[in-house]
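Me: I am new to this structure and should like to be guided through it. Please show it first, and then let us discuss it step by step.

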Amino acid sequence: MDGHRQVYEPTEQEVENMMVELVDYLFTKWEDEIQIREMGICMILRELLDPVYHVKKCICPEFPTRITVFHNGSVYPCHQVYLDKRFYLGHIMDREFKGTLQSQFKNVVDNFAMSNLYTNNNEQWMFSVCSFCKAHLMEVNGTYYLRYPNAYQKVLEHIIYNMATRNMKSIIHTLGGTIIE
């Protein structure tokens, strides 16, 4: 090692396998009335169940209500953007940190807003259903593309499959939703 952090980039198949396994796990727990609030899958499920309800102004519904403090004291709005300087909020041990946190949040908000991203037209259908953190996107000449488009499509198909084959009344109830019949 040369003293730099090594970055492992998973393959698209690894991402698909991991996310499909997560979907199966969540749906099983939700059917068993165990509340697990996993943000990504819950957002997609909510969008599929009620497209009018979810507004895609900001990618992450937790932002800016949470911060993530890393082992070295660096603070970011989310664990997925660690080491991306666009999202750096400061160092937890800096005396001025508390006083500058609000202004730092304002500086990184644009990096979270999807409304100002130019996205690939071929993937637009996926952006209309799912909200993607910029950690899942790659930029090429000012256009944003899904980092693992085939994996995301397979996972979306798997979510829809689970919606068709699982006890959705129980799942919606577990997640605190209301069923209008």
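Me: Which residues of helix 3 (residues 97–108) are buried?

Reply: The model is a predicted one. Counting as buried requires under 20% relative accessible area. In helix 3, the buried residues include Phe-97, Leu-101, Phe-105 and Val-108.

Me: Around the axis of helix 3, what arc do they cover?

Reply: These buried residues lie on the same side of helix 3, because their arc around the axis is narrow enough to place them there. The face turned away from that buried side carries exposed residues, namely Gly-99, Gln-102, Lys-106 and Asn-107. The arc covered by the buried residues is only 85°.

Me: Which strands are included in what covers the buried residues of helix 3?

Reply: Contact here means heavy atoms within 4.5 Å. What covers the buried residues of helix 3 includes strand 2 (74–76) and strand 3 (90–91).

Me: Where is Glu-33 found, and is this residue buried or exposed?

Reply: Most residues other than glycine have a negative phi. Glu-33, however, has a positive phi, near 65°. Glu-33 sits in the loop between helix 1 (12–31) and helix 2 (39–49). With a relative accessible area of 57%, Glu-33 is exposed.

Me: How many helices and strands does the protein have, and which pattern do they follow?

Reply: The secondary structure comes to 6 helices and 5 strands. Along the sequence, the pattern is α-α-β-β-β-α-α-β-β-α-α.

Me: Of the 181 residues of the protein, what percentage counts as buried?

Reply: The accessible surface of the protein comes to about 11,500 Å², and carbon and sulfur atoms hold 53% of it. Of the 181 residues, the share that counts as buried is 38%.

Definitions and conventions
Residues numbered from 1 in each chain as written. Predicted model: local features only at pLDDT ≥ 70, side-chain atom pairs only at ≥ 80, totals over all residues. Heavy atoms only, no water. Helix = DSSP H or I, 4+ residues; strand = E, 2+ residues; numbered from the N terminus. Buried < 20%, exposed > 50% of the residue type's maximum accessible area, 1.4 Å probe, protein only. Areas by Shrake-Rupley, 256 points an atom, 1.4 Å probe, with all protein chains shown as cover. Arc of directions from axis to C-beta.
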